Amino acid sequence: MSGRRSPSARRIADALVEDCGRTYAEEAGIRLKNTPQPLYQLLVLSLLLSARIRAPVAVAAARALYGHGLRTPRRMADATWQQRVDALGEGHYRRYDERTATQLGEGAELVLDIWRGDLRRLREEADGDRDRLMEGLRRVPGIGPAGADIFVREVQSLWPEIGPWTGTKAVRGAERLGLPTSPGRLAEAGRGHDDAVFAAALVRAALDRDIVDEVMEAARAR
């Protein structure tokens with residue numbers, strides 16, 4: 001043991017956000033706002049991130065899809081299956097590319113059929129109930145509990161009625177950093193930071209032990 005006093009939860013949270021405080025939507029090039037196109041892009045990103053594949057690969061695949069113009073449910077639905085497979089391949093999302101290409105097509109059709117291409121209608125249906133929102137998201141092919149968790153985590157700054165939300169993986173990051181894991185105390189530790197940014201930073205800590213070490217060293221130096 002080093003004998004050094006452990007830094008406070010607030011200092012750890014501040015150091016964490018300073019070190020890696022950006023959402024995955026931002027990393028994927030999504031200018032997230034409460035309009036149909038970026039919300040759909042976030043849905044696609046949530047599907048890709050929820051697979052058992054490295055986050056940078058999922059982000060690269062999302063960027064490739066958007067780069068091919070597949071930024072709306074109509075464009076995604078109108079693309080051929082092979083076009084979707086090829087775009088995923090450009091992002092090196094090859095392990096699940098064929099199944100995911102199918103899910104993206106089916107999911108786009110569902111978003112068009114049920115919400116007329118606008119996920120704000122799903123928000124209206126949920127009426128502030130996070131569980132109802134997640135249940136609606138899970139109707140989309142390829143969006144399971146993990147994908148719904150990711151979407152809610154990333155969209156909460158736009159839709160504040162469903163936050164604050166960290167989710168399972170973010171809580172794992174809090175554990176690694178020695179932060180409280182109860183929702184109320186964790187939210188208090190991150191007070192003053194954007195909820196989505198703080199939650200995404202916790203996820204990064206869960207996925208990368210080096211981030212934990214860097215953050216703890218920075219927090220001790222504060």
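**Exercises on a buried serine and two charged patches**

Leaving aside residues up to four places away in sequence, Ser46 touches Ile143, Gly147, Ile150 and Phe151, where contact means heavy atoms within 4.5 Å. This is a predicted model, in which local features need pLDDT of at least 70 and side-chain atom pairs count only at pLDDT 80 or more, while totals for chains, interfaces and linings use all residues. Residues are numbered from 1 along each chain as its sequence is written, and side-chain values use heavy atoms, with hydrogens and water left out.

**Exercise 1.** Determine whether Ser46 is buried or exposed.

*Solution.* Begin with the element: Ser46 is found in helix H3 (residues 36–49), helices being DSSP runs of H or I with at least four residues, numbered from the N terminus. Then take the relative accessible area, which is 0%, so Ser46 is buried (under 20%; exposed is over 50% and partly exposed in between, with a 1.4 Å probe and protein chains only).

**Exercise 2.** Identify the helix that gives the largest share of the positive patch, and classify Arg172.

*Solution.* The patch consists of Arg52, Arg95, Lys169, Arg172, Arg176 and Arg209; patch residues have over 30% relative accessible area and no salt bridge, like charges being joined within 9 Å and nonpolar side chains (Val, Leu, Ile, Met, Phe, Trp, Tyr) within 5 Å. A salt bridge is a side-chain nitrogen of Lys or Arg within 4 Å of a carboxyl oxygen of Asp or Glu. Helix H11 (residues 168–177) supplies the largest share, three residues. Arg172 lies in helix H11 and is partly exposed because its relative accessibility is 40%.

How values were computed
Accessible areas come from the Shrake-Rupley method with a 1.4 Å probe; for residues, only the protein chains shown count as cover. Lys and Arg count as positive and Asp and Glu as negative; His and the chain ends are not counted. The place of a charge is taken as NZ of Lys, CZ of Arg, CG of Asp or CD of Glu. Helices (H or I, at least four residues) and strands (E, at least two) are DSSP runs, numbered from the N terminus.
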